Amino acid sequence: QVQLVESGGGLVQAGGSLRLSCAASGRTFSSYVMGWFRLAPGKEREFVAAIRWSSGLTYIGDSAKGRFTISRDNAKNTVYLQMNSLKPEDTAVYYCAAGGGIGTLTTARQWGSYAYWGQGTQVTVSS
């Protein structure tokens, strides 16, 4: 049974940092892409970043450029999202996802490309 478990969310002031973690289990993810999406009230689900597990190649969404970094630890089967210079508009539930057959940024940005999802972790940035 595939499980993606996010952690690391919380309340932070604007300008602060958080590191989200996504622990993956239940299958071999070496050929997969791991992504982070976020969902804020009244908004559509938004692509944040993704990383190819095997090579470490990253895909970065517009909202994350210059502030967020995605990485993975193969030994721990864990993907991280380091978020710096947080803004109130970053407030959302952040979801980890895993998908196969993702080869381009265009595909990585589409939530339908991902077969597995975590339960989400809330990030709240106060002004």
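R38 and D90 form a salt bridge in this predicted model. Their closest N and O atoms are 2.8 Å apart. R38 sits in strand β4, while D90 belongs to the loop between β8 and β9. The two residues are 52 apart along the chain, so this pair links distant parts of it. Are R38 and D90 buried or exposed? Both are buried.

R38 has another partner. It also forms a salt bridge with E46, with the closest N and O atoms 2.9 Å apart. The relative accessible area of R38 is 7%. Buried means under 20%, so R38 counts as buried. E46 has a relative accessible area of 31%, and is therefore partly exposed. Which residues are joined into one network by salt bridges that share partners? They are R38, E46, R67 and D90.

The count of salt bridges comes to 4. One of them lies between the side chains of D62 and K65, at 3.4 Å from N to O. Here D62 is exposed, and K65 is exposed too.

Now turn to the disulfide. The structure holds 1. A disulfide is a covalent bond between the sulfur atoms of two cysteines. In this model it joins C22 to C96, with 2.0 Å from S to S. What does this pair tie together? C22 lies in strand β3 and C96 in strand β9, so the bond connects parts that are 74 residues apart in sequence. Both C22 and C96 are buried. The torsion about their S-S bond is about -75°, so the disulfide is left-handed.

Next comes the nonpolar core. In soluble globular proteins, nonpolar side chains tend to be buried together. The largest nonpolar core of this model has 28 residues. Which of them touch the most other members? They are M34, W36, L81, M83 and Y94. Several strands give two or more residues to this core. Among them are β3 (18-25), β4 (33-39), β5 (46-52) and β7 (68-73). The others are β8 (78-83), β9 (92-99) and β11 (121-126). There is also a second, separate core of 9 residues. It includes A50, Y59, A108 and Y114.

The strands also pair with one another. Four of them form an open sheet, in the order β1-β3-β8-β7, with antiparallel pairing. Which strands are at the edges? They are β1 (3-7) and β7, and each pairs on one side only. Neighbouring strands of this sheet are turned by 15° against each other on average, direction ignored. Look at β1 and β3 in particular. They pair in the antiparallel sense over 5 bridges. Within this pairing, L4 has A24 in β3 as its bridge partner.

Strand β11 is worth following too. Strand β2 (residues 10-13) pairs with β11 in the parallel sense, over 4 bridges. The bridge partner of G10 in β11 is V123. On β9, A92 stands opposite V123 as well. Strands β9 and β11 run antiparallel and are joined by 3 bridges.

In a regular strand the side chains alternate between the two faces of the sheet. Which residues of β11 lie on its covered face, and which on its uncovered one? T121, V123 and V125 make up the covered face. Q122, T124 and S126 make up the uncovered face.

Finally, look at some loops. Most residues other than glycine have a negative phi, and most peptide bonds are trans. N77 is not a glycine, yet it has a positive phi of about 55°. N77 lies in the loop between β7 and β8. With a relative accessible area of 26%, N77 is partly exposed. S85 also has a positive phi, of about 50°, although it is not a glycine. S85 is found in the loop between β8 and β9. Its relative accessible area is 41%, so S85 is partly exposed.

One last contact involves T78. This residue is in strand β8. A polar atom of the T78 side chain lies 2.8 Å from the backbone oxygen of K76. Is T78 buried or exposed? T78 has a relative accessible area of 9%, so it is buried.

Technical notes:
Residues are numbered from 1 along each chain as its sequence is written. This is a predicted model: local features need pLDDT of at least 70, side-chain atom pairs count only at pLDDT 80 or more; totals for chains, interfaces and linings use all residues. Side-chain values use heavy atoms; hydrogens and water are left out. A nonpolar core is a set of buried Ala, Val, Leu, Ile, Met, Phe, Trp, Tyr and Cys residues joined through side-chain atoms within 4.5 Å. Buried means under 20% relative accessible area, exposed over 50%, partly exposed in between (1.4 Å probe, protein chains only). A disulfide is a pair of cysteine sulfur atoms within 2.5 Å. Two strands pair if DSSP finds at least two bridges between them. Axes are lines fitted to C-alpha atoms, for helices over the stretch in contact, and angles run from 0 to 180 degrees between N-to-C directions. A polar contact is a pair of N or O atoms within 3.5 Å; within protein, one must be able to donate a hydrogen and the other to accept it, and residues adjacent in sequence count only if both atoms are side-chain atoms.
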